[in-house]
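Here's a walk through one protein chain, written for someone just starting out. Have a look at the sequence and the 3D view, and then we'll go through the parts together.

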Amino acid sequence: SGRTDRARRPAPALAQRWVPMPPARGTVIDYPTARALRDLCVRQAWYAVNSAGGYDDDAEEDLEALDSIVDRLSHLSVRALEHARELARSCAWRATLQRVEEGSLGDGFVPQASPYESSSHAGQAAEAAKSVHRRFAPSNEELYQLANAAAWYTANQRSGYHGDAASDIVAMSRAFDRLYRVPRPKWAGVNLGGWLILERGPSSPFYESNGIPGDTGEWDATLSLCSSHGAERARNVIAYHRRRHVTELDFAEIVARGFNAVRIPFGYWIVTGATAGDPYVGPSMELLDKAVQWAGQHGLQVLLDLHGNPGGETEDKPCGRSSESWCFEDWRRDEALEILSVVAERYKDETHVAGVQVCNEPSRSRIEPVDLMGHYRAAVAAVRAGGMRPDMVAVVCPCHYIGL
């Protein structure tokens, strides 16, 4: 990487590139409205299955929640709101009544709350849903898919079909994303490893030319350079590598080879410099700025990857340091959230920045899933608070557990 004497290939005529432009709304719904519509579909679905299953108290809570959700949609026209409610209602009862008919939900009797007289009328609910879908949003298939997936998720969950319910909630989440997110081409990208966080594989020439032994991350590589070259020269050597390992010519070649996106892994020290006595060299935000700039100039989408978190997110080397004694408490998560906020604030107006990855490969064996999910919720909130909109920027939260 960074070599300037390579032959450059012309860009293929059919290479799919995403050129930054103001987001076109079209049939895409704004995020608050999309959330309210999702909540409407989910609550309506729970009301149907709770009514059918005899969970009267839960059904009453669902009705109260529906009133609050309808208030959040009061900015819609009366006709549009009624169509949305009818869509959610008909999808919900179609799934619920089918499970009642099969005998897997309730006691075999159609609840009084049902707008249909018997379970055989589930087909009517399906036809009503299709009719409402065409009237409310003829070109927005995702709205119908969202209501349908929410209905089947709740019906399957209450009926004990947990495997099907898991698939349904994935379908619901994907439909929800498509409902509000500005359309982009599917990422077909290149990972720019070994540049803003050292790894022996992608930056092996650097390791070999400087006599760096082993492969345990940038922490040990930096200490090795300081030992063999002295601290000042070590800083200069690392700075030179960062200037030369990836250049604008590489971005041009990525496009020429038919790709439309780049993933840019970086250590936290690129943003803030080393903290807590870590030996890393930084900051080097000007290089991250250049990377985002070059990507925009060449029509590439960008995924910014906080690959090395403060304190590390794992005991393994990809985070910057291999440490057998690492534990979850070593991950300086509050500091990580501050860095994510800085990154979000800095690049929030760069429309080709399509994603932020909050960490790389969190420890498989030393982090409880509930703790990791807690950090992920806080990380998403930090990115959003920094100004990156959910309809424009995906927040990537890796799942690195064995068997998942």
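Which residues does Pro310 touch, not counting residues up to four places away in sequence? They are Tyr268, Asp330, Trp331, Arg332, Glu335, Ala336 and Ile339, where a contact means heavy atoms within 4.5 Å. Before going on, bear in mind that this is a predicted model, in which local features need pLDDT of at least 70 and side-chain atom pairs count only at pLDDT 80 or more, while totals for chains, interfaces and linings use all residues. Residues are numbered from 1 along each chain as its sequence is written, and side-chain values use heavy atoms, with hydrogens and water left out.

**The overall picture**

The chain's secondary structure comes to 14 helices and five strands. Here, helices (H or I, at least four residues) and strands (E, at least two) are DSSP runs, numbered from the N terminus. Of the 404 residues in the chain, 49% are buried. Buried means under 20% relative accessible area, exposed means over 50%, and partly exposed is in between (1.4 Å probe, protein chains only). Take the contacts in the chain with a separation of 6 or more: 75% of them come from residues 24 or more positions apart.

**The sheet**

The five strands form an open sheet in the order S1-S2-S3-S4-S5, with parallel pairing. Two strands count as paired if DSSP finds at least two bridges between them. S1 and strand S5 (394-396) stand at the edges with a single partner strand each, so one side of each has no neighbour in the sheet. On average, neighbouring strands of this sheet are turned by 20 degrees against each other, direction ignored; the axes behind that angle are lines fitted to C-alpha atoms, for helices over the stretch in contact, and angles run from 0 to 180 degrees between N-to-C directions.

Now zoom in on S2. Three bridges join strand S1 (residues 189-191) to S2, and seven bridges join S2 to strand S3 (residues 301-308). Here are some of the facing residues:

| Residue | Bridge partner or opposite residue |
|---|---|
| Asn191 | Arg263 in S2 |
| Ala261 | Gln301 in S3 |
| Phe266 | Leu306 in S3 |

Why is S2 (residues 261-267) largely enclosed by the rest of the structure? Because six of its seven residues are buried.

**Two nonpolar cores**

In soluble globular proteins, nonpolar side chains tend to be buried together. A nonpolar core is a set of buried Ala, Val, Leu, Ile, Met, Phe, Trp, Tyr and Cys residues joined through side-chain atoms within 4.5 Å. The largest one here has 53 residues, and those with the most contacts inside it are Phe251, Val262, Ile264, Phe266, Leu304 and Tyr347. Among the elements that give two or more residues to this core are helix H10 (248-256), S2, S3 and helix H14 (369-385). Apart from it lies another core, of 49 residues, among them Val70, Leu73, Cys91 and Ala95.

Let's pick out Phe251. Leaving aside its neighbours within four places in sequence, Phe251 is in contact with Leu192, Val246, Val262, Ala291, Trp294, Ala295, His298 and Leu300.

**A pair of helices**

Helix H3 (residues 78-102) and helix H5 (residues 141-159) have axes that come within 8 Å and cross at roughly 35 degrees. Residues of H3 including Leu87, Cys91 and Ala95 meet residues of H5 including Leu143, Ala151 and Trp152. The residues of this contact divide into 11 nonpolar, five polar and two charged. For that split, Ala, Val, Leu, Ile, Met, Phe, Trp, Tyr, Cys and Pro count as nonpolar, Asp, Glu, Lys and Arg as charged, and the others, Gly among them, as polar.

**Loops worth a look**

Most residues other than glycine have a negative phi, and most peptide bonds are trans. The loop between H11 and H12 holds Ala276, which has a positive phi of about 55 degrees although it is not a glycine. Is Ala276 buried or exposed? Ala276 is exposed, with a relative accessible area of 62%. Pro283 lies in the loop between H11 and H12 too, and a cis peptide bond joins Gly282 and Pro283, with omega about 0 degrees.

Back to Pro310, which lies in the loop between S3 and H13. Pro310 is buried, with a relative accessible area of 0%. Pro310 and Tyr268 are 42 residues apart in sequence and 6.2 Å apart in space, C-alpha to C-alpha. Ser323 is found in the loop between S3 and H13 as well. Ser323 is buried, at 14% relative accessible area, and touches Glu315 and Arg366, not counting residues up to four places away in sequence.
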